[in-house]
Amino acid sequence: MTSPASATFAALALVALIAVKLTHLQALVIFALVVSAAFGFLGRRQPKERLKYILWTLLLFLLVGVGIGWAMYPFSR
Amino acid sequence: MAEETTVQEPLNPPQNAKRESFALVVGLAGWLVPGLGHALLKMWGRALICFLTVGVFVWVGAGMRGNLFTSRGNDAFDSLGYIADLGTGGFYWVAKSLETSGPDVSRADGDYGTRFLATAGVFNLLAALHAYEAARGRKA
């Protein structure tokens, strides 16, 4: 019989075994998606406003991220 | 997921003090457990989003073997990193327990992980402040 504490610890240990392997673009997309959604929910109340804000912020995050990436490309080597 | 914070009428001093202490408890709870501050105010959607955001960032950051700063930093940047990481509240120790192999910033992955962990902390501080302000009756 396992206690809730040991079950939680086992679950955490299992999660710890899963190393996260992401490319730069995947990391950027996850970051942009999560932050946009979080800011949208914290800063806006109406569902329509939220959705607009989330999509707009996500687009800007991605554009600026990829843009800065390309801007640094000539100096990368 | 409609969450409304009503604009409160002016309160007399004892009520004001009571509300101020409740707001402090809400802010502190929101820092310790991401989303708990909003949950105490019955803002369920925001509570869930805060919990998930910080949770995902901590999980991804720790999974990428990001650097989790400690109080024994060598310079001001380490101390700032520690403050940012501490912003995750209880999730700081969750991240510590997830990083069984320790940080590895020799690869870009680890560097990204460090940023994810710091962002989780800063976001949680922002969310706790938002909950505190909402509990004080400010428009949120």
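**Entry 1. Chain B**

I took helices and strands as DSSP runs, with at least four residues for a helix and at least two for a strand, numbered from the N terminus. I noted at the outset that this is a predicted model. On that basis I counted 6 helices and 0 strands in chain B. Reading along the sequence, I recorded the pattern α-α-α-α-α-α for chain B. I then looked up the extent of the chain: along the principal axes, the C-alpha atoms of chain B fill a box of roughly 55 × 35 × 20 Å.

**Entry 2. The interface of chain B and chain A**

How many residues does each chain bring to the contact? I found 31 residues from chain B and 20 residues from chain A. I looked up the area next, and the two chains bury about 2,300 Å² between them. Carbon and sulfur atoms give 68% of that area. On the side of chain B that touches chain A, I listed the elements that give two or more residues: helix 3 (44-63), helix 5 (91-98) and helix 6 (108-135) of chain B. I sorted this side of chain B by class and obtained 17 nonpolar, 8 polar and 6 charged residues. Across the interface I found 0 salt bridges by the rule. The rule does find 3 residue pairs in polar contact there, with both residues at pLDDT 80 or more.

**Entry 3. B:Thr119**

I chose B:Thr119, a residue found in helix 6 of chain B. Which residues does B:Thr119 touch, not counting those up to four places away in sequence? I recorded A:Phe31 and A:Val35 from chain A, and B:Phe57 from chain B. I also looked up B:Asp85, which is 34 residues from B:Thr119 along the chain. The C-alpha atoms of these two residues are separated by 8.1 Å.

**Entry 4. The largest pocket**

I read a volume of about 420 Å³ for the largest pocket. Its lining consists of 15 residues, and A:His24, A:Leu28, A:Gly65, A:Gly69 and B:Tyr112 lie nearest the centre. Which helices each supply at least two residues of the lining? I noted helix 2 (24-43) and helix 3 (47-72) of chain A, together with helix 6 of chain B. By class, I recorded 10 nonpolar, 3 polar and 2 charged residues in the lining.

**Entry 5. Salt bridges**

Side chains of opposite charge can pair when their charged atoms come close. Over all chains I counted 5 salt bridges by the rule. I examined the one between the side chains of B:Glu20 and B:Arg136, at 3.3 Å from N to O. B:Glu20 lies in helix 1 (residues 13-32) of chain B and B:Arg136 in the segment after helix 6 of chain B, so this pair ties together parts that are 116 residues apart in sequence.

How values were computed. Residues numbered from 1 in each chain as written. Chains lettered and ligands numbered in written order. Predicted model: local features only at pLDDT ≥ 70, side-chain atom pairs only at ≥ 80, totals over all residues. Heavy atoms only, no water. Contact = heavy atoms within 4.5 Å. Buried area = accessible area lost by both parts, 1.4 Å probe. Salt bridge = Lys/Arg side-chain N within 4 Å of Asp/Glu carboxyl O. Polar contact = N/O pair within 3.5 Å; in protein donor to acceptor, adjacent residues only side chain to side chain. Nonpolar A, V, L, I, M, F, W, Y, C, P; charged D, E, K, R; others polar. 1 Å grid on protein atoms, 1.4 Å probe; cavity = no way out; pocket = protein on both sides within 12 Å on 5 of 7 lines; lining within 4 Å. Points joined across faces, edges and corners; volume = space filled by probe spheres on them.
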